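Work through the exercises below with the model open. Try each task before reading its solution.

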Amino acid sequence: MARVVVTSDLHLGITDAQVLRRHAADIAQERPDLTVLAGDIGEGLGRFRACLDIFRDLPGAVAVLAGNHDVWARHGHHSAGLWESELPEAARAAGMLWLEDEVWRQDGLAVTGSIAWYDYSAAAPHLGKTAEFWAKNKGRWNADARFVDWPWSDQEFAARVGDALVERVAQLEADPTVEAILVVTHVPLYEQQMLRKPHDLDWTFGNAYFGAMTLGERLLFARKLRRVISGHTHVPRDGRVARAGEPVRAQVIHSQYGAPASITFEYP
C-alpha cells in the first residue's frame, strides 16, 4: 500500500512557524510514503526555503509544487527566475522532488502534479466576459496582477504547464506498471472543486482566477486517473467528476491562514 499526504497553502510568514511545526508533526504520525506540499509555501525565497526545512525530515519522500504566492516578485527576486530555477533548486537542495517535472511511484501508484495556472476557464459563464476582459481587469480581483512580473500571459503560462502535465499523465497512462494516478495541483481543475457565490459579486468575478477547467477536461482521457487534490482557494470541496467509466474524485484542501490542513490518499 502507498500512503500519500497532501497539504497546501502553508503560507509561512502569515502562518506562524510553530503552527507549521505542529502540522508537520501531525503528518509524521501518519507515516506517509510521500508528502506533497502543494503550493503557497512561503512568499519570498527565504521563507520558501525555511518552510521546506520544517517539513524536510518527514517519513518517506517529500514533493513540492509552487503556488501563485511563491512566485510573487516582492523580495528581490523576479517571478520568471523563481519559477524556472530558484524554487526548483530550493526544493532539490532540501532533498525533495520538484513535482512539476518529476513523478513519484510506489506499489502501482504514480503521483505527479503542477501549479496549474488559471486561464479564466473557471469564470462564471453567465458573466459573458472575454479573456481580454479578465486579463485587463485582473488587478481588481487578484493581487497576482501586481506581484507576478514574468513575461507570459495567464493563458500562455497555463498552456505551458498544462501541456507538460498532460504529457506526463499520458506517459503514465501508457505505462503497464502504473495502476493508478494521483494528480496534485495548486489551482483547482474541476467545477466540483469550485465554490460559487452568485450573490457575492467580488467572489463571482474572482472565480476567473480560481480554476483551470481547460486542463481538467484535458486530463479526463486518463482511465487510471483516480483523484485530483488541489489547494489555492482555501475552501474545502469534495466531489466526483463524471465521465465514461469510473468518475474522478476531486478535492480541495481545507487549509486556512494560520490553520494548515491535509488530505490523505491511500492506494490500493
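**Exercise 1. Packing of a helix**

Against which elements do the buried residues of H2 pack?

Solution. The model is predicted.
- Step 1: locate the helix. H2 spans residues 45–55.
- Step 2: list its buried residues. They are Leu45, Phe48, Cys51, Leu52, Ile54 and Phe55.
- Step 3: find their partners. The buried residues of H2 pack against H1, E2, E3, H3 and E4.

**Exercise 2. A helix pair**

Describe how H2 and H3 cross, and name the residues in contact.

Solution.
- Step 1: choose the descriptors. A packed helix pair is described by the angle and the distance between the two axes.
- Step 2: read them off. The axes of H2 and H3 come within 9 Å and cross at roughly 30 degrees.
- Step 3: classify. Angles under 35 degrees count as roughly parallel, so H2 is roughly parallel to H3.
- Step 4: assign the hand. The crossing of H2 and H3 is right-handed.
- Step 5: list the contact. H2 supplies Leu45, Phe48, Arg49 and Leu52. H3 supplies Leu82, Glu86, Leu87, Ala90 and Ala91.

**Exercise 3. The five-stranded sheet**

What is the strand order in the open sheet of five strands, and which strands lie at its edges?

Solution.
- Step 1: trace the order. It is E4-E3-E2-E1-E11, and the pairing is mixed.
- Step 2: find the edges. E4 (97–98) and E11 (262–267) each pair on one side only.
- Step 3: examine one pair. E2 (residues 34–38) and E3 (residues 61–65) run parallel and are joined by five bridges. Threonine 35 has valine 62 of E3 as its bridge partner.

**Exercise 4. A residue in strand E1**

Is valine 5 buried or exposed, and what does valine 5 contact beyond its sequence neighbours?

Solution.
- Step 1: place the residue. Valine 5 lies in E1 (residues 2–7).
- Step 2: check accessibility. Its relative accessibility is 0%, so valine 5 counts as buried.
- Step 3: list contacts, leaving aside neighbours within four places in sequence. They are Ile27, Glu30, Pro32, Leu34, Thr35, Val36, Ser262, Ile263 and Thr264.
- Step 4: compare sequence with space. Valine 5 and aspartate 33 are 28 residues apart in sequence, while their C-alpha atoms are 8.2 Å apart.

**Exercise 5. The six-stranded sheet**

In what order do the six strands of the other open sheet run, and how do its neighbours pair?

Solution.
- Step 1: trace the order. It is E5-E6-E7-E8-E10-E9, with mixed pairing.
- Step 2: find the edges. E5 (104–106) and E9 (237–241) each pair on one side only. The twist averages 15 degrees from one strand to the next.
- Step 3: take a parallel pair. E7 (residues 180–185) and E8 (residues 225–230) run parallel, joined by five bridges. Valine 183 has valine 228 of E8 as its bridge partner.
- Step 4: take an antiparallel pair. E9 and E10 (residues 248–252) pair over five bridges. Arginine 237 stands opposite valine 252 in E10.
- Step 5: inspect the turn. E9 and E10 form a hairpin with six residues between them, and glycine 245 in the turn has a positive phi of about 90 degrees.
- Step 6: add the helix. H6 (residues 154–174) lies across E5, E6 and E7, at about 170 degrees to E6.

**Exercise 6. The nonpolar cores**

Which residues touch the most other members of the largest nonpolar core?

Solution.
- Step 1: rank the members. Of 48 residues, Leu52, Phe55, Val64, Trp83, Trp117 and Trp134 touch the most others.
- Step 2: name the contributors. H1, H2, E3, H3, H4 and H6 give two or more residues to this core.
- Step 3: look for a separate core. Another has 22 residues, among them Leu165, Val166, Val187 and Val248.

**Exercise 7. Backbone exceptions**

Where are histidine 11, tyrosine 120 and proline 268 placed?

Solution.
- Step 1: recall the norm. Most residues other than glycine have a negative phi, and most peptide bonds are trans.
- Step 2: take histidine 11. Its place is the loop between E1 and H1. Its phi is positive, about 50 degrees. With a relative accessible area of 4%, histidine 11 is buried.
- Step 3: take tyrosine 120. Its place is the loop between E6 and H4. Its phi is positive, about 75 degrees. With a relative accessible area of 9%, tyrosine 120 is buried.
- Step 4: take proline 268. Its place is the segment after E11. The peptide bond from tyrosine 267 to proline 268 is cis, with omega near -5 degrees.

Key
Residues are numbered from 1 along each chain as its sequence is written. This is a predicted model: local features need pLDDT of at least 70, side-chain atom pairs count only at pLDDT 80 or more; totals for chains, interfaces and linings use all residues. Side-chain values use heavy atoms; hydrogens and water are left out. Two strands pair if DSSP finds at least two bridges between them. Helices (H or I, at least four residues) and strands (E, at least two) are DSSP runs, numbered from the N terminus. Axes are lines fitted to C-alpha atoms, for helices over the stretch in contact, and angles run from 0 to 180 degrees between N-to-C directions. Contact means heavy atoms within 4.5 Å. Buried means under 20% relative accessible area, exposed over 50%, partly exposed in between (1.4 Å probe, protein chains only). A nonpolar core is a set of buried Ala, Val, Leu, Ile, Met, Phe, Trp, Tyr and Cys residues joined through side-chain atoms within 4.5 Å. Angles under 35 degrees count as roughly parallel, over 145 as roughly antiparallel, 65 to 115 as roughly perpendicular and the rest as oblique. A crossing is left-handed if the near helix is turned anticlockwise from the far one by less than a right angle, and right-handed if clockwise.
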